[in-house]
Structures are given as structure tokens and as C-alpha cells.
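Got the viewer open and a selection box ready? Let's walk through this one stop by stop.

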Amino acid sequence: MELGSFRCSLCGRRVKVQSQADAPIWDPNTGFGVCKHCIKQLYHFIEEDEKSKMFSSKRTFADTLGELLEKNKPHVIKEYLDKFIIKQERAKKILSVAVYNHYKRMKYGLDNAGTDEEIDKSNVIILGPTGCGKTALLSHLSKLLDIPFAVTDASSLTEAGFVGADVEVAVRNLYYAAGQDIEKTEHGIIYLDEFDKIARKSGENNSITADPGHEGVQQGLLKMLEGSVVEFTARGQRKHPEAPTIKVDTRNILFIVGGAFVGIDKIVAKRIRKGESSLGFGVDIPPKEDSDEKFNELIHQVRPEDLMKYGIIPEIIGRLPVICTLETLDEHSLLRILTEPKNAPVKQYQKLLAMDNVQLEFEEAALLAVAKKAIERKTGARSLKGIIEDTMLDVMFDIPKSDAPRKVIVTEECINNGAEPKIIYLEEENQPA
């Protein structure tokens, strides 16, 4: 029995409706309908579109790898880092070459897929005092390459079975930094900070009790650094056998581990000057400037055996063939950091106050006082912004109360003794005396 008929709103065919199967989409009241043939075509188009999206997402990184290498040769990477990082010339060169070679290795793997030929991964260990620019270097590097970058505090990791974060957390952090895109995650950079804090206890400090935060963690990281499929649960989910997991292959993830490695210079010095006395009344204690120079000289001579003496297990050192060392920042370097880089602290505050119609000026003596205070705190460049923030707090609180154009001058007294910065109304400044 015929229920009716309609003209397909897409192809214009006249369709007789004898059962609901003849017209899955049809409204007798309005006359709108879509025939079965058009529905099949639409389904086919949608399916093909989904397939092409899936294919393109899998090929995205592979397709752009050649372009990434062409645009980011080592000298180009270093020139970019020079805009943001003061000093650390050697470290910038080492990292530029290490990252370029890492992505060349990936390109070689893609071009020679299906063969037994492959180039081993070269992860990096980065050493340097606190506040010397380790994290800043890597952060700017990832922005240039436009790849996901995640920092994980290695000291928070514990061996499986103990209370604390499992080593897989590092990959999970990268997964969320990549916007939960597995393909992007598998080509990102993971930085394990405070890596020196998981050095195993040795010598007289050795313990017969369990060591959940040291050697066990290093053992747990071995496979991940080399390249393996890591499984982890979504953030906030407890790890149990029935919990759904996310799988990420770490074969093409670049791992960079770093830390201050306090005291490693002494290990290097001992190796270099075997048999030379370092104690007694005849030993001269060098002034601070000389000791910094000596540290910078020694830190660049770190070898794998020094890291083993420090407490890093040999298997881990084998998977970290590139050793990158950073120097202590002196007063002159900190002074340059305040004003020269693109994102220099002084430039940042000048931009902030310019939004309130205010010119900000720092006297040279004030900048020098900021650098000296940072050296006293022994926190390097990381404390520069905090020192300026303390000085500018009251000014930044009061400035928005008025729209009048003004100039704020920060003096040495402001930094050292908490004096109020000078505020000059520009109309008054331009008036004749």
C-alpha cells in the first residue's frame, strides 16, 4: 500500500513511499525528504572525509619534517636563542646541534622505513647552577620549532609501588601539553628538571633501606629514554588494572634531563688534579670572582665518569650521550639580561606601565643594584623579576588612579633601601623653570 510520494530535496527524483524504509528522511507535512540514494552518497562522502582527516593527521609531522629541518639549521636556532638568552654560547651551540640531529634522525628513519638501518637517539643532559637559563633555553627552543614541550620535576618521581608520581607522569605531562594529540606528543621534548636530586646514594651515605626516590627511579626511566611504548591513565584517574590507558611511543621524543648538580665541579677538580693537596694552611681561598671563573672552567670538563661518581647509574649515562654545560652568570651578564633580550624584565614592566600612559625609566645604578642583589640571593636570573616586582608594587598599585601622562624613575635607593620611585608629571616637566 502506497503511503504517498515526494520529490527528493537534494537530487529532485520523485520517490514513491510504500514503507518507512523507502523514505528514512521524509516529512509529509512540509514535503521535505531525502531519498535513500542521496543518504548513501552523503554517508560515503562523510566516511571519506573522516578517513582523509585521519590520514592527514597521521602524516602531518612527517610531511612537515623536511620543512622544519630546512628552516631550523643549527646556526638559525642559535641566532634565535641569542635574542632571548644572554651568554651560554657553548650551551646554545650544543643544544642547536642536538635538536637538529634529533629531527634529522627522524627524517632518516622515515626515508629508510622497512630497513634495518637506524640512527640511535641522542638524549641530552644539561648541567648548570640555579638561575643560569636551563629551562628558558629549552622553552624558547620549543617555541621556535613549534613542538610540544613539558617540564617534569624529577625529584617528585618515585619507584613503582611507592607513594608518589610514577615515571610515566613525564610523558603524561607532554600529552596534555600537546593538547591530548598522541601524534604531536610522540615528537615533542620532555625536560626532566632537578635530575640531580635522583642521584643514587653512594659511599658513606649509602643506605640499606629502600630508595624510592633515587636509583629505582633511574632504573624506571631507562626504557622510556631509549624508546618504548608508555602506558598511563588520564590525569586524575587512579592506576588500576581496569582503568583505560593511553599509549605513547617515546622512540622519537627528545629527553633532556638537567639540574644544578651542586658539587660536581669538585669531582671534576679531583679527577684533574689527582694527588694535588686541596687542604692545609698553604691553600689560598680564591675570591668570589675567581671561584666563579674556576667553576665555569671546570663545569665544561664534565665527563661521564664524573656523573657516575655523582650518583647517576651507568645505564642512564649511556642513554644521555650529549652533555651540555652552562656557566654561572656574573654581574655584567645579569645586567644585560635585565635590558637586552626581547622579553627582558625591564622591557616587560615598561610595556605594562605604557598601557597606563606612563614612561618607566631605570637608572644605571638601580639596574646594577638589582644584579648585585640577585647574586647575593644566589638564585641567578630567576630572581631579577621578583626584585623589580618588590620595588614596583606600590607604584603599580597607585598608577591606575590617574590617567595623567607621567614618568616613573627607579633609583638605586629604591632597590637597596625601599625608597619610593620618582614620579614626574610630564606637563610639569615641560614647563619652564
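Start by selecting Q88, which counts as buried at 1% relative accessibility. Buried means under 20% relative accessible area, exposed means over 50%, and partly exposed is in between (1.4 Å probe, protein chains only). Q88 sits in the loop between helix 2 (74-82) and helix 3 (89-111). Helices (H or I, at least four residues) and strands (E, at least two) are DSSP runs, numbered from the N terminus. Now show what Q88 touches: leaving out residues up to four places away in sequence, you get C132, L326, E327 and L329. A contact here means heavy atoms within 4.5 Å.

Quick housekeeping before moving on: this is a predicted model, where local features need pLDDT of at least 70 and side-chain atom pairs count only at pLDDT 80 or more, while totals for chains, interfaces and linings use all residues. Residues are numbered from 1 along each chain as its sequence is written, and side-chain values use heavy atoms, with hydrogens and water left out.

**Next: the cysteines**

How many disulfides does a search of the whole structure find? Zero, with a disulfide being a pair of cysteine sulfur atoms within 2.5 Å. Select C132, the Q88 contact: its nearest cysteine sulfur belongs to C324, 9.2 Å away. Jump to C324 and the nearest cysteine sulfur is that of C132, also 9.2 Å away. C132 is buried, with a relative accessible area of 4%, and C324 is buried at 0%.

**Next: a pocket**

Turn on the second largest pocket, with a volume of about 690 Å³. For the closest residues to its centre, select G131, G133, A136, A381 and R382, which are among the 27 that line it. On a 1 Å grid over the protein atoms alone, a pocket is an open set of points with protein on both sides within 12 Å along at least five of seven lines, where a 1.4 Å probe is used for cavities; lining residues have an atom within 4 Å of a point. Grid points are joined across faces, edges and corners, and the volume is the space filled by probe spheres set on the points.

Colour helix 4 (134-145), helix 13 (345-354) and helix 15 (384-398): these are the elements giving two or more residues to the lining. Helix 4 gives the most, with four residues. By type, the lining splits into 12 nonpolar, eight polar and seven charged residues. Ala, Val, Leu, Ile, Met, Phe, Trp, Tyr, Cys and Pro count as nonpolar, Asp, Glu, Lys and Arg as charged, and the others, Gly among them, as polar.

**Next: helix 12**

Select residues 331-339, then pick out the buried ones: S333, L334, L335, I337 and L338. What do they pack against? Helix 13, helix 14 (364-377) and helix 15.

**Next: two backbone oddities**

Go to E194, a non-glycine with a positive phi of about 55°. E194 lies in the loop between strand 7 (189-193) and helix 7 (215-226), and is partly exposed at 27% relative accessible area. Then try F261, where phi is about 45°, again positive and not a glycine. F261 is in the loop between strand 10 (254-259) and helix 8 (264-272), but F261 is buried, at 1%.

**Last stop: zoom out**

Show the whole chain: 17 helices and 14 strands, with buried residues making up 41% of the 433 residues.
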